[in-house]
Amino acid sequence: MFEGFERIEIPTAGGAARIHLRHGGSGPPLLLLHGNPQTHVAWHRIAGRLAEHFHVVATDLRGYGDSIGPDPADTANYTFRAMAQDQVEVMRALGYERFMVAGHDRGARTAHRMALDHPERVERVALLDILPTRHIWENASAEWAMSSWHWLFMAQGNGLPERMMESVPPDWFMERKIGKPGVGISIFAPEAYAEYVRCFTPKTIRASCADYRAAATLDREMDEADRDRRITCPTLVLWGTQSHTGRVYGDVLAIWRDYAVDATGGPLDCGHYVPEHAPEETLAWFLRFFGAAPVRS
């Protein structure tokens with residue numbers, strides 16, 4: 001995986017985090033952000049071909065994968081604002097003040113916040129299989145809760161989810177977390193799945209629980225404060241027809257058009273893990289969307 005890519009770590013300002021990443025290729029800069037409970041490896045099926053056209057930067061979010069984050073006891077350390085700031089600093093360290101970004105799952109929520117907080121940095125943004133965090137909380141339902149149980153479980157306090165998640169073998173939990181109903185884990189390459197299991201350590205568990213606690217509290221407050229703001233750059237929205245996102249909410253693009261001034265995209269015949277389940281379709285969309293405009297460094 002990631003043949004020809006260089007693996008490096010970049011510390012963020014003040015040493016708050018050390019972000020692990022792989023980067024390769026040449027051309028306009030394109031940042032790729034993964035979701036929970038994965039790592040940058042989630043992009044392995046398309047990163048190499050994207051690198052034929054772009055300088056691809058695939059990172060591990062703070063606390064995830066091989067990245068190191070600050071103390072997860074402080075929920076403020078794991079807001080999408082904090083995670084977005086990491087990525088802005090990473091791209092600056094690589095020489096880019098402006099760049100394009102694609103995110104899946106938690107990475108897409110990070111990209112959404114980045115586009116709001118740093119509109120001067122984000123040239124174009126692709127959001128894969130999510131709806132805005134505020135929309136999720138304001139439109140919660142029994143169907144959503146049953147399919148997105150981890151949102152409520154991982155946001156609990158007093159060390160409850162951490163202790164329970166750390167008490168079972170990583171591969172046991174991983175299979176039940178990413179093996180979505182009707183899809184399973186056969187869509188994942190064995191070497192990628194092995195990386196997700198390897199990185200599912202107490203460090204990652206504690207950071208990811210802090211991430212979900214922030215989404216239920218501090219991120220909600222930020223989103224409420226920004227209720228009248230919209231993403232101003234071109235926005236690509238993709239989702240899986242077999243994913244809970246499409247099944248629960250229907251026309252995902254129509255919802256995003258209330259949050260972004262220029263949103264395009266559509267559904268793909270796949271589940272939640274879009275870049276791995278539908279790599280060819282995702283790649284085609286990315287090449288059209290990100291290749292349509294030059295990026296200034």
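How much space lies in the largest cavity? About 160 Å³ lies there, and the tour will come back to it after the sheet.

This is a predicted model, in which local features need pLDDT of at least 70, side-chain atom pairs count only at pLDDT 80 or more, and totals for chains, interfaces and linings use all residues. Residues are numbered from 1 along each chain as its sequence is written, and side-chain values use heavy atoms, with hydrogens and water left out.

Begin with the open sheet, whose eight strands run in the order 1-2-4-3-5-6-7-8 with mixed pairing (strands are DSSP runs of E, at least two residues, and helices are runs of H or I, at least four, numbered from the N terminus; two strands pair if DSSP finds at least two bridges between them). Select 6-11 and 263-268 next: strand 1 and strand 8 stand at the edges with a single partner strand each, so one side of each is left without a neighbour in the sheet. Then add residues 235-240, strand 7, which pairs with strand 8 in the parallel sense over six bridges; here L238 stands opposite G266.

Now return to the largest cavity (on a 1 Å grid over the protein atoms alone, a cavity is a set of points where a 1.4 Å probe fits but cannot get out, and lining residues have an atom within 4 Å of a point; points are joined across faces, edges and corners, and a volume is the space filled by probe spheres set on them). Select D105, R109, W151, H244 and H272, which lie nearest its centre among 18 lining residues. Helix 12 gives the most to this lining, with three residues.

Finish at the second largest cavity, of about 80 Å³, where helix 3 gives the most to the lining, with four residues.

Technical notes
On a 1 Å grid over the protein atoms alone, a cavity is a set of points where a 1.4 Å probe fits but cannot get out, and a pocket is an open set with protein on both sides within 12 Å along at least five of seven lines; lining residues have an atom within 4 Å of a point.
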